[in-house]
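Visitor: I have a structure to look at and some questions about it. Could you take me through them one at a time?

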Amino acid sequence: MTTPYTPAEVSNAVELLASRPLIRLITEIDDNGAIPPRRLAGTLTDLSSHQLRRATETARAHGLVRTAPGTGLELTESGSGLADLYDAAARWARRHAYPAPVCEFTSRIRHVLDLLAPSLATERADGLPRPSAARLPNDEAEADLARPRAFLIQWLAGNPQVTRVSEPEPVA
């Protein structure tokens with residue numbers, strides 16, 4: 001199956017979605033519910049104030065979170081879908097000990113997204129799909145990867161803003 005994404009669009013989406021601060025923000029809200037803005041730093045203590053601010057701004061700009069009166073920062077439907085994608089990627093990675101038997105949650109997601117990226121880009125000029133640079137442990141791992149790949153394709157189709165490549169600012 002081919003998808004209409006250019007390598008630059010895929011790279012942009014993976015860079016955004018694999019951001020450690022964004023993964024932490026989305027999964028924390030998914031796991032524990034809305035977070036009052038003043039409690040972000042106390043909840044996500046492993047992130048600097050700059051990382052929190054950037055993750056929150058990015059999540060808002062891409063429609064992943066919103067501020068609900070009286071409760072705080074909560075996931076939108078797109079944010080909940082992204083949390084499901086993260087869960088599917090992490091489950092696959094744990095099951096197949098990818099990239100290693102012991103690995104941080106955010107690192108597992110980043111590695112799985114990097115693994116899926118080549119299959120999302122448009123075909124090469126010779127008509128063959130782009131190969132993945134990573135070697136999977138076995139055929140079962142490759143077959144099981146279909147679920148996170150389908151989640152990612154479905155999520156990106158519903159959130160095309162994530163693949164948009166921003167134009168560089170003109171130099172004055």
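Guide: We can begin with a pair of helices: α2 passes α6 in a right-handed crossing. Keep in mind that this is a predicted model.

Visitor: How are α2 and α6 oriented to each other?

Guide: Two packed helices are described by the angle between their axes and the distance between the axes. For α2 and α6 the angle is about 115°, and the axes are 10 Å apart. Angles from 65 to 115 degrees count as roughly perpendicular. Therefore α2 and α6 are roughly perpendicular to each other.

Visitor: Which residues of α6 meet α2?

Guide: On the side of α2, the contact involves R20, I23, R24 and T27. Their partners in α6 are F105, T106 and I109.

Visitor: What covers the buried residues of α6?

Guide: Helix α6 covers residues 105-120 and reaches 23 Å from its first C-alpha to its last, close to the 22 Å expected. Its buried residues are T106, R108, I109, V112, L113, L115, L116, A117 and L120. An α-helix has 3.6 residues a turn, so residues three or four places apart point the same way. The cover over the buried residues of α6 includes α1, α2, α5 and α8.

Visitor: α2 has another packing partner, α4. Which residues of α4 make that contact?

Guide: α2 and α4 pack at an angle of about 70°, with their axes 9 Å apart. That angle lies in the range from 65 to 115 degrees, so α2 and α4 are roughly perpendicular to each other. From α2, the contact uses P21, L22 and L25. From α4, it uses Q51, A55, T56 and A59.

Visitor: Is G79 buried or exposed?

Guide: G79 sits in helix α5. Leaving out residues up to four places away in sequence, G79 touches I26, G63 and L64. Under 20% relative accessible area counts as buried. G79 has 0% relative accessibility, so it is buried.

Visitor: How far apart in space are G79 and L64?

Guide: In sequence, G79 and L64 are 15 residues apart. In space, C-alpha to C-alpha, the distance between G79 and L64 is 4.0 Å.

Visitor: How many aromatic pairs are there, and which residues form them?

Guide: A search of the whole structure finds 1 aromatic pair. Its rings are 5.4 Å apart, centre to centre, with 65° between the planes, which makes the pair edge-to-face. Both partners are buried, one at 4% relative accessible area and the other at 12%. The residues are W92 and Y98.

Visitor: Which peptide bond is cis in the loop between α5 and α6?

Guide: Most residues other than glycine have a negative phi, and most peptide bonds are trans. P99 lies in the loop between α5 and α6. The peptide bond leading into P99 has omega near 0° and is cis; it runs from Y98 to P99.

Visitor: What is the phi of A97?

Guide: A97 also belongs to the loop between α5 and α6. At 31% relative accessibility, A97 is partly exposed. A97 is not a glycine, yet its phi is positive, at about 50°.

Visitor: What pattern does the chain follow along the sequence?

Guide: The chain has 172 residues, of which 40% count as buried. It holds 8 helices and 2 strands. Read along the sequence, the pattern is α-α-α-α-β-β-α-α-α-α.

Technical notes:
Residues numbered from 1 in each chain as written. Predicted model: local features only at pLDDT ≥ 70, side-chain atom pairs only at ≥ 80, totals over all residues. Heavy atoms only, no water. Helix = DSSP H or I, 4+ residues; strand = E, 2+ residues; numbered from the N terminus. Expected span 1.5 Å × (residues − 1). Buried < 20%, exposed > 50% of the residue type's maximum accessible area, 1.4 Å probe, protein only. Contact = heavy atoms within 4.5 Å. Phe/Tyr/Trp six-rings, centres within 6.5 Å; stacked < 30°, edge-to-face > 60°. Axes fitted to C-alpha atoms, helices over the stretch in contact; angles between N-to-C directions. Parallel < 35°, antiparallel > 145°, perpendicular 65-115°, else oblique. Left-handed = near helix turned anticlockwise from the far one by under 90°.
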